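Please read the following account with the sequence and the model side by side, starting with a sheet and ending at a contact between two chains.

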Amino acid sequence: MTEIQLTIEGRKVKAKEGDTVLEAAQKAGIKIPTLCAHPALEPYGACRLCIVEIEGMRGYPTSCTTPAAEGMVVKTVSPEIIELRKNVIKLMLSGHTSPCFVCLHRESCEKYRPRSFKAGKVTRCVFCSNRDTCELRMLADEYEINDLEVPIIYKNLEVEQIDPFMDRDYNLCILCGRCARICEKIHEKGTIDFINRGKDARIGTAFNRPHTDTDCRFCGACVDICPTGAMSDRFAKWYGAPDWVQESTCVVCPLGCSLNFKIKDGKAIGASMSAFSREARICAIGRFVLPQLLNNPARRLSHQVRIEDGLIEASYKEAVERAAGILEAYRGDQFALIAHSGATREEIYILKKFTKEVMKSDNFALATANGDKLLIQPASVLDAINRGKIKALYSLGDFIDPISIEKLEAIIVADLFPSRLEKTADVFLAAAALAETDGTFLNSQGKVKTLKAAATPPENLFPDWKIVCDIAKKMGVSGFGFRTTGGILKEMKKRKAIDQEPPLSPEPSPLEHVDSLPQFYRGHRLSDLVCALEAFMPPEEIEKKKEREEAEETPFRIIEKIEIVPNTHMVTIQAPVIAQKCQPGQFVIAMVGRTSERIPYTISDFDRKSGTITLVTLELGRSSRELANTRAGEYLAHLTGPLGKPVDVKKYGTVVCAGGCYGVGAMLPIARAMKQAGNRVICIEEAASHYLLHWKDRLSANCDELVIVTKDGSEGLKGGVQEAIEMLIQRGEKIDQAYVIGCTFMMMLVSELAKKHGIPTQTAMNPLMLDGTGMCGACRVSVGEATKFACVDGPFLDGLKINWIELMQRQAAFKTEEIEAMPQEPVPMHEPGHACLTAKG
Amino acid sequence: MDPKERKKIPRQKMPEQDPRRRRHNFEEVPYGFTEELALTEAKRCLKCKKPLCMTGCPVNIRIPEFIKLIEEGKFIEAAWKLKEQNSLPAVTGRVCPQESQCESKCILGKKGEPVAIGRLERFAADFERSAGKIKLPDISKPTGKKVAVIGAGPAGLTVAGDLIKLGHQVTIFEALHEPGGVLVYGIPEFRLPKEIVRFEVDYLRKLGVEIKTDYVVGKANTVDELLRNGFDAVFIGTGAGLPIFMNIPGENLVGVYSANEYLTRSNLMKAFRFPEYGTAPIRSKKVITIGGGNVAMDSARTALRLGAESIIVYRRSRAEMPARAEEIHHAEEEGVQIKILTNPVRIIGDEKGKVKSIECIKMKLGEPDASGRRRPIPIKGSEFIIDCDTVVPALGNRPNPLIPMTTPDLKTTRWGTLECDPDTLETSKKGVFAGGDIVTGAATVISAMGAGKVAAKSIHEYLTTGKVTKPEKQTPKGEK
């Protein structure tokens, strides 16, 4: 290939013939911004960010599609280029729910809210799981965009949560086409592509079918290559950007594919292909299931030994000692060990050596999964168990059925999950595995693949080779003093014990179709452990699922359920007792299902005559999602109220009622009551952008003036409630009392301002609560020197005295658990009529 | 069998889960008597002519009679006998402090060990339940009178059980989503399986008691409104549900939970089954529980089961601990460490507002105080720090003020409890009665049930005659 030379930014740069200008620049370390371009993809020229000036060429060619040529003189930066790029970015932001970029409070918002909210729909960056790694956001920051001349449009497309493992929100899509192109590149015939035309153009499947109805293999390449949060990994998304990535090997099936584990706080939260190429393909198990196995709630995290009563938790040392003590009595052919085909070469070697040299037995078997069947080879071992010849078993998984188990006298289990063997096992050793271990693996292509310990195993859990070595040492047998798998490999080489036959490739390949995905790991049916796999393979326990479906009839019937604006849901519920008694400012506690949390919701409206109350909630996690996903005609399991103190309704003079998010609804009854009490009422409605404004008509009808304020300035004033209050003060308004309802961050900012101006301000607390009647004290709030219970002393408390930082810290007390609680099941599409109705006006 | 032979039989032990196993699960600790054990234990009872044990029972169970039925192998009949006086025998058999009540009066206890009355009570009730032979008692002719019971805790359930049998119509109003009060939110599964509470509550439903859960009287309706809207009498059994904190620095740090919250998450909300249940569990490495009562024991033992190291800090000495000896024993057996004569001074947090340690001071005992217990005095300069990530103050509860606040003519004491006639449990408001912790301040399940019985009797008299007469002699209250 001929080398050419060109000049970029005044520097002589060498390139190969056939390189694009972009590639030439990148090789020389000269940065040109890109979005649609990706090293794994062919030039595309869609986003036009990589424009440059080339001497002798008209206009601004895209460097990703322009071939580099000998003698070319390229300019990558100029005031014109910067201006053009800024405009390109702004146009993208315009269609990307981006009010956060132009928000006056962005800096403090990100300081006080370092993690994004677990929103059902992303209506701005602070709700986006991809906030920390969004390429568009990084570019916008690089180009210092803090003002948009173009309007921000919310496309209002339904968020797709219908498929296993991934959520798709095309409202965030910037049409770079990376996903469609990588899909085509990896699978030859892509599952997704551009559909519709013009302003309706978007990414989708043919006929917009769910991915499960296409030949999508759920390799996750589209999710991993997406520069924005449009495509996301349902399990991993809320943990935030990984701290680092480690290449390793998947051992669930004999293919032994390479993959990259994404590590966050020591946990493997995700996995992806090691490269965006057809050769590096992985299946849904590698991409999505492995992290859910390691972080599975069913995982055994402690070792156990049997006492008369049953298994009890034991230290690692105790468990090893007990196992060694038991195995002492079973040397010879009365012992068998069943390993699994996902063990590393080092592990298999050690397990064999242990069987042979410590236990003096030839009964070493390997359990392999073949489709939906488990095979134990050689079959003679299982035979011997069933004939009662084998008395003691060391099992690395759940391979044999209860009838065979009954024949055994002693059982040692090393496993990750609850097993049928536990009923009679003498010792259960919780093992570290998959992303937590290292070693080598001979795959079905005869290649030796490397496993790297990337994730930190749970405390005091060790990989199988170490467990067995420790047992052997305890039994006083030498030759098991290995400290690392490297040491084991060295011995294997010395003893020439590594000429192993590669295992057979699974047929058909799981890389080709989801129907042939591996179904077992260590004898455990994967669909029993990872609910999203139900889409491809039936779980063993179907009862559980049924239980989820049947909602009991209760008095709390849902009359109406609408998504008023994106991610903001209004639920009207039959609750005559509450409707009869509730006063402005009070709240209820709802449990959507019988296993739900008790969650407080402010009463946004009530109708004493029809006996209904209305709640407005944002979908920001499991519990609010449960409420958001209800339908008219269904029932809430429990609803208690009215709770808390009503606001003190009397004549103050001028009263400001300010609200944002769910608080817009919540301020309505207060405004109405204050107006009826003869006050001059000014309502302030804050929203990030125009597409989130709602209930303007209802508020207008109940106040003297409605001030609209948006973070992006797309309607009304630009800014937040505090800017609106400042405006009122500046025009000479004397505010006698303020009521502020919304997120804690907003209320804190407003209270700071109110303090400055000495405006008496009551803010609506929304801390964690259990009972809501003063019993648990979870809702403690420091107000000045005193501790108040938000449930009985509030919800409205003196904003000028609240310790806001403490309140925010207390609200975040269960942050990790809240992420773990996020449901992983696909959610069916909203039925027609329940689709998002964007209420303008 | 002559008494001599009976006296020779040793008190039968109740088999229980090995502490090494149970400290990591929420299954019930004791397995209960087997039939053989129950038969043997029942033989120990001398069937005294003047049974002193009954004087120790707040609900006047006919103890020798039910034990005799057990001895005769009439287990179900024994349960029915119990239920004549006590609507929740499976509960009280488990949570009553028998050692300071019935069993403390047992004549056998003078020289040796008393009859295991509580264990026999539990056995009979469990036998009846598992046999499924639930006998519904005869219910008197409807009186046409309606009674509202506020709070479905031990007091309220007892009142409801007694009044429904007398032919009155009873509606219980419960603020939480499950009836049982402290039996469901406070007492842990391993001490009182919730299935048992549910069963006992269902029994009341079968008798005709209506239970409205998710209903907060004082908010959704006031006592006056209940009286206006067709109820002829009201019983207030709202308990003591307002947690007491110590008012020391750091109490609002993340990681400080009232015992009520700590236990409610686990018991009522089933956080130990998270994420199947939505409520998050409190995951800790080291939990310091402050206090020496039964609730402190329950919290500290729950901490073990949630996987933490568990330490109790108590300011007086072991002798002053209000917890039942059996609970302290169980806690220690399971691995709870108890630091006596130690009092927290402040809780220390990290930069994220989370608990990282607690500073305590050593105490010594001085002269007895008003409670009769020796007063703890701090030893100057003896402060020390214990690293921990969770602190659970279990210092007791004050009465919930919701009802008194919304019922203007209901008189309260300076402790926030309701003023009642101690013999009739009539409040300062006509037709309104009260009992349990809302009257006495935080006490025991059985004392609340005892109060329920007294109140039920008064209410019945009030409903049938329009007035309440004081009993001639004081009802035996168990302890002198």
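The paragraphs below take up the sheet, then a helix, then the contact.

This is a predicted model, in which local features need pLDDT of at least 70 and side-chain atom pairs count only at pLDDT 80 or more, while totals for chains, interfaces and linings use all residues. Residues are numbered from 1 along each chain as its sequence is written, and chains are lettered from A and ligands numbered from 1 in the order in which they are written.

In chain A, six strands (DSSP runs of E, at least two residues, numbered from the N terminus) make up an open sheet with antiparallel pairing, in the order β25-β26-β29-β28-β27-β30; strands pair if DSSP finds at least two bridges between them. Because β25 (558–565) and β30 (638–643) of chain A each have a single partner strand, they stand at the edges, and one side of each is left without a neighbour in the sheet. The partner of β30(A) is β27 (residues 587–591) of chain A, joined in the antiparallel sense over four bridges, and within this pairing A:Ala590 is bridged to A:Leu639.

Helix α18 (residues 663–676) of chain A lies across β26 (568–574), β28 (599–607) and β29 (612–618) of chain A, at about 50° to β28(A), where helices are DSSP runs of H or I of at least four residues and angles run from 0 to 180 degrees between the N-to-C directions of axes fitted to C-alpha atoms, for helices over the stretch in contact.

The contact takes 42 residues from chain A and 34 residues from chain B, residues being in contact if their C-beta atoms, placed from the backbone, lie within 7 Å. On the side of chain A that touches chain B, the edge strand β30(A) gives the most, with six residues.

How values were computed: Two residues are in contact if their C-beta atoms, placed from the backbone, lie within 7 Å.
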